[in-house]
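Let's take a walk through this one, pockets to begin with and backbone details later. Have the viewer open as you read.

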Amino acid sequence: MTVLVASDLDRTLIYSAAALGLTMPDPVAPRLLCVEVHESRPLSFMTETAAALLAELTADSRVVFVPTTTRTRKQYQRIRFPGRPAPYAICANGGQLLVDGAPDRDWRRQVAKRLAQECAPLEEVHGHLLDSADPLWLRKARVAEDLFAYLVVERDLVPDEWLKSLEEWAGSRGWTVSLQGRKIYAVPRPLTKSAAMREVARRTGAEHTLAAGDSLLDADLLEAADEGWRPGHGELADAEWHAPNVRALTTRGVVAGEEIVRQFSRAVGRLSA
């Protein structure tokens, strides 16, 4: 049996220093492995145990490991996972499908056609973000892969009323809003990780799919998988989001990433048996 393992990255599989959540006493804190460096500084981490488990998982010829992220291709390619290189990766929330590190042009054309038919154009949404955001709390505004937009903000200063109003405005135009740490994403509703996961499953002949994620942008991915897991932190946990095929873990922070890889490995072993 071929098993496809699609995992979200930030705050699911890998963690910034701010998201580690090391609440245990220092002497028993897990040893960490840096898996991403940006501008000569360590940026993202896994526990050493999680890294070893992932290397073992990806060495299994029955497993197709698919990193699945809202990051751009450039941001994704900074990450150095342990184990066998992933033959496929899903970036830009499903807008980019990488095959051996290179963008699949046919997939990108399919995505562009669907977005043009089903939602308001990026220019309109990006313009609204810039016009409505307050310079008091706005730090950066970015467009990713010409597919979606996001703001980097001072989270504590962003009014809840503004965020709710943005969600309603974007929703009426076929877009989804997601708050992840200091970033507010506006993403076209048809731009999904689940569609890209299904395409990889089709290409690889995967008979079973496993997934993990922590944010509202991961909900469709989790629902589309045969089995899924979410950590005890993040948007989905805060919203007490559940699905019949998804297990809600209680662990939080970087140790939740370790537990997710452990659950992937157990599921592959069970399916193989």
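What follows covers the pockets, a cavity, a hairpin, a helix and a few single residues of this predicted model.

## The largest pocket

Start with the largest pocket, which holds about 1,100 Å³ of space. It has 30 lining residues, and those closest to its centre are Asp-10, Leu-43, Arg-71, Lys-183 and Tyr-185. Sorted by class, the lining comes out as 10 nonpolar, nine polar and 11 charged residues.

Which elements supply at least two residues each to this lining? They are β2 (15-16), β4 (41-47), α2, β9 (138-144), β10 (148-153) and β12 (183-188).

## The second largest pocket

The second largest pocket comes in at about 330 Å³. Of its 20 lining residues, Arg-11, His-233, Gly-234, Glu-235 and Asp-238 sit closest to the centre. Two or more lining residues come from each of α5 (160-171), β11 (175-180) and α8 (235-238), and β11 gives the most, with four.

Here the class split is five nonpolar, eight polar and seven charged residues.

## A hairpin that links the two stories

β11, which helps line the second largest pocket, pairs with β12, which helps line the largest pocket. The two strands run antiparallel and are joined by six bridges. Across the pair, Gln-180 stands opposite Lys-183 of β12; Lys-183 is also among the residues closest to the centre of the largest pocket.

Together β11 and β12 make a hairpin with two residues between them. In that turn, Gly-181 has a positive phi of about 65°.

## One small cavity search

How many cavities of 30 Å³ or more turn up in the whole structure? The search finds one, and the space in the largest cavity is about 40 Å³. Thr-58, Val-63, Phe-65, Arg-84, Pro-85, Ala-86 and Pro-87 line it. That gives a lining of five nonpolar residues, one polar and one charged.

## Helices α2 and α6

Gln-75 is part of helix α2 (residues 73-76). Is Gln-75 buried or exposed? Its relative accessible area is 18%, so with the cut-off for buried at under 20% it counts as buried. Leaving out residues up to four places away in sequence, Gln-75 touches Glu-36 and Tyr-150.

Helix α6 (residues 193-204) lets you do a quick sanity check: with 12 residues at 1.5 Å a residue, it should span 16 Å, and its end C-alpha atoms are 17 Å apart, which agrees. Buried residues in α6 are Lys-193, Ser-194, Ala-195, Ala-196, Met-197, Glu-199, Val-200 and Ala-201. After the helix comes Gly-205, with a positive phi near 70°.

## Positive phi without a glycine

Two residues have a positive phi although neither is a glycine: Glu-39, at about 55°, and Asn-93, at about 60°. Glu-39 lies in the loop between β3 (32-38) and β4, while Asn-93 belongs to the loop between β6 (88-91) and β7 (96-99).

Where do they stand on burial? Glu-39 has a relative accessibility of 66%, so it counts as exposed, for which the cut-off is over 50%. Asn-93 has a relative accessible area of 1%, so it is buried.

How values were computed:
Residues are numbered from 1 along each chain as its sequence is written. This is a predicted model: local features need pLDDT of at least 70, side-chain atom pairs count only at pLDDT 80 or more; totals for chains, interfaces and linings use all residues. Side-chain values use heavy atoms; hydrogens and water are left out. The expected span of a helix is 1.5 Å times one less than its number of residues. Buried means under 20% relative accessible area, exposed over 50%, partly exposed in between (1.4 Å probe, protein chains only). On a 1 Å grid over the protein atoms alone, a cavity is a set of points where a 1.4 Å probe fits but cannot get out, and a pocket is an open set with protein on both sides within 12 Å along at least five of seven lines; lining residues have an atom within 4 Å of a point. Grid points are joined across faces, edges and corners, and a volume is the space filled by probe spheres set on the points. Ala, Val, Leu, Ile, Met, Phe, Trp, Tyr, Cys and Pro count as nonpolar, Asp, Glu, Lys and Arg as charged, and the others, Gly among them, as polar. Contact means heavy atoms within 4.5 Å. Two strands pair if DSSP finds at least two bridges between them.
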